[in-house]
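Work through the exercises below with the coordinates open. Try each task before reading its solution.

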Amino acid sequence: MNSVIEYYNHYDEDGRLLKKNRRPEYLLTMEYIEKYLFEGAKILEIGAGTGRYSVALAEKGYDVTAVELVKHNIDIMKKKVKAEHKIKIIEGNAVDLFFLDDESFDIVLLLGPMYHLFTDEEKHSALSEAVRVAKTGGVIYASYCNNDTCMYKMFYERRILSLRKKGMIGEDYHAISSPNEIFELYRKSDIDELMKSYNVTRLHFVGVDMLSYVVNNKLNRLNKREFEEYMKFMHSICERDDLTGFSIHMLDIFTKKE
């Protein structure tokens, strides 16, 4: 985890979702969270970063527990918390939530940790913990970085040949990630294989930003009305099976069965 901590010590995570080309990810994710919220819901965010989601949900009056690995991010999050917020911030690791009881939360957000776990053991530890602490019938959100759209970016950035030379891209163009490269990349088939281990029902599989990152310099030029129209378009395609594989970030939403 040292590489991850060092990365976020110097990365502007707090400002990431404010940019117009990153807003679709935040707006669509929040909409799908709000779809399953109810009065009195208890929310857990695992890998809460600087609190972009946790603080926004606390602002709406929800009881939020925010777990974050990186102290630098926690320090930023704490500055956003108001006296009236019902939010508890804990420094902790997604793969071991020993400090949280079973069946404790109605909504569990795992919106970042799967980006930074590189072995099946670690991935299953994080998913198992998220499922464990969710109540039966609770809704769990797990976010993943998409392998193939990232390949497009590597071509556009003219990095593909150097990554090939380093042995970081397989013959089928699936990234061979490592902790030194910070991000683990997935195809939907990888996610489906992981989820076979859990007694859950998938509710939605959403492409929350589609090609927004890849054409970011153009998307940032949209005026307010054009951006609103863009978001309408995003809503119309974000769950289409033939298009979710184009999204940089993929959001798997499922409910815990008895």
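## Exercise 1: a helix pair

The crossing of helix 3 and helix 4 is right-handed. The model is a predicted one.

**Task.** Which residues make the contact of helix 3 and helix 4, and how do the axes lie?

**Solution.**
- Step 1. List the contact. Helix 3 supplies Glu25, Tyr26, Thr29, Met30 and Ile33. Helix 4 supplies Arg52, Tyr53, Ala56 and Leu57.
- Step 2. Sort these residues by type. The contact divides into 6 nonpolar, 1 polar and 2 charged residues.
- Step 3. Take the axes. Helix 3 spans residues 23-34 and helix 4 spans residues 52-59. Their axes come within 12 Å and cross at roughly 50°.
- Step 4. Classify the angle. Angles under 35 degrees count as roughly parallel, and 65 to 115 as roughly perpendicular. Helix 3 and helix 4 are therefore oblique to each other.

## Exercise 2: the surroundings of helix 4

**Task.** Which residues of helix 4 are buried, and what do they pack against?

**Solution.**
- Step 1. Apply the cut-off: buried means under 20% relative accessible area.
- Step 2. Name the residues that pass. They are Tyr53, Ser54, Val55, Ala56, Leu57 and Ala58.
- Step 3. Draw the conclusion. Because 6 of the 8 residues are buried, helix 4 is largely enclosed by the rest of the structure.
- Step 4. Find the partners. The buried residues of helix 4 pack against two helices, helix 3 and helix 5 (71-80). They also pack against strand 1 (42-46), strand 2 (63-68), strand 3 (87-91) and strand 4 (105-110).
- Step 5. Look just after helix 4. Gly61 takes a positive phi of about 100° there.

## Exercise 3: positive phi without glycine

**Task.** Arg158 and Tyr173 are to be compared. Where is Arg158 placed, and where is Tyr173 found? Is Arg158 buried or exposed?

**Solution.**
- Step 1. Read the backbone angles. Arg158 has a positive phi of about 60°, yet is not a glycine. Tyr173, also not a glycine, has a positive phi of about 65°.
- Step 2. Place them. Arg158 lies in the loop between helix 7 (147-156) and helix 8 (160-165). Tyr173 lies in the loop between helix 8 and strand 6 (185-186).
- Step 3. Check accessibility. Arg158 has 80% relative accessibility, so it counts as exposed. Tyr173 has a relative accessible area of 33%, so it is partly exposed.

## Exercise 4: the end of the chain

**Task.** Which residues is Glu258 in contact with, leaving aside its neighbours within four places in sequence?

**Solution.**
- Step 1. Locate the residue. Glu258 is in the segment after strand 8 (249-256).
- Step 2. Test exposure. Its relative accessibility is 86%, so Glu258 counts as exposed.
- Step 3. Collect the contacts. Glu258 touches Thr136 and Asn199.
- Step 4. Take one pair further. Glu258 and Asn199 are 59 residues apart along the chain. Their C-alpha atoms are separated by 7.7 Å.

## Exercise 5: the whole chain

**Task.** What radius of gyration does the chain have, and what would a compact globule have?

**Solution.**
- Step 1. Count the elements. The chain has 11 helices and 8 strands.
- Step 2. Set the expectation. With 258 residues, a compact globule would have a radius of gyration near 18 Å.
- Step 3. Compare. The chain has 18 Å, which agrees.
- Step 4. Add the box. Along the principal axes, the C-alpha atoms fill roughly 50 × 45 × 35 Å.
- Step 5. Add burial. Buried residues make up 51% of the chain.
- Step 6. Add contact range. Take contacts between residues at least 6 apart in sequence: 75% join residues at least 24 apart.

Note on methods:
Residues numbered from 1 in each chain as written. Predicted model: local features only at pLDDT ≥ 70, side-chain atom pairs only at ≥ 80, totals over all residues. Heavy atoms only, no water. Axes fitted to C-alpha atoms, helices over the stretch in contact; angles between N-to-C directions. Helix = DSSP H or I, 4+ residues; strand = E, 2+ residues; numbered from the N terminus. Parallel < 35°, antiparallel > 145°, perpendicular 65-115°, else oblique. Left-handed = near helix turned anticlockwise from the far one by under 90°. Contact = heavy atoms within 4.5 Å. Nonpolar A, V, L, I, M, F, W, Y, C, P; charged D, E, K, R; others polar. Buried < 20%, exposed > 50% of the residue type's maximum accessible area, 1.4 Å probe, protein only. Rg over C-alpha atoms; globule rule 2.2 N^0.38 Å.
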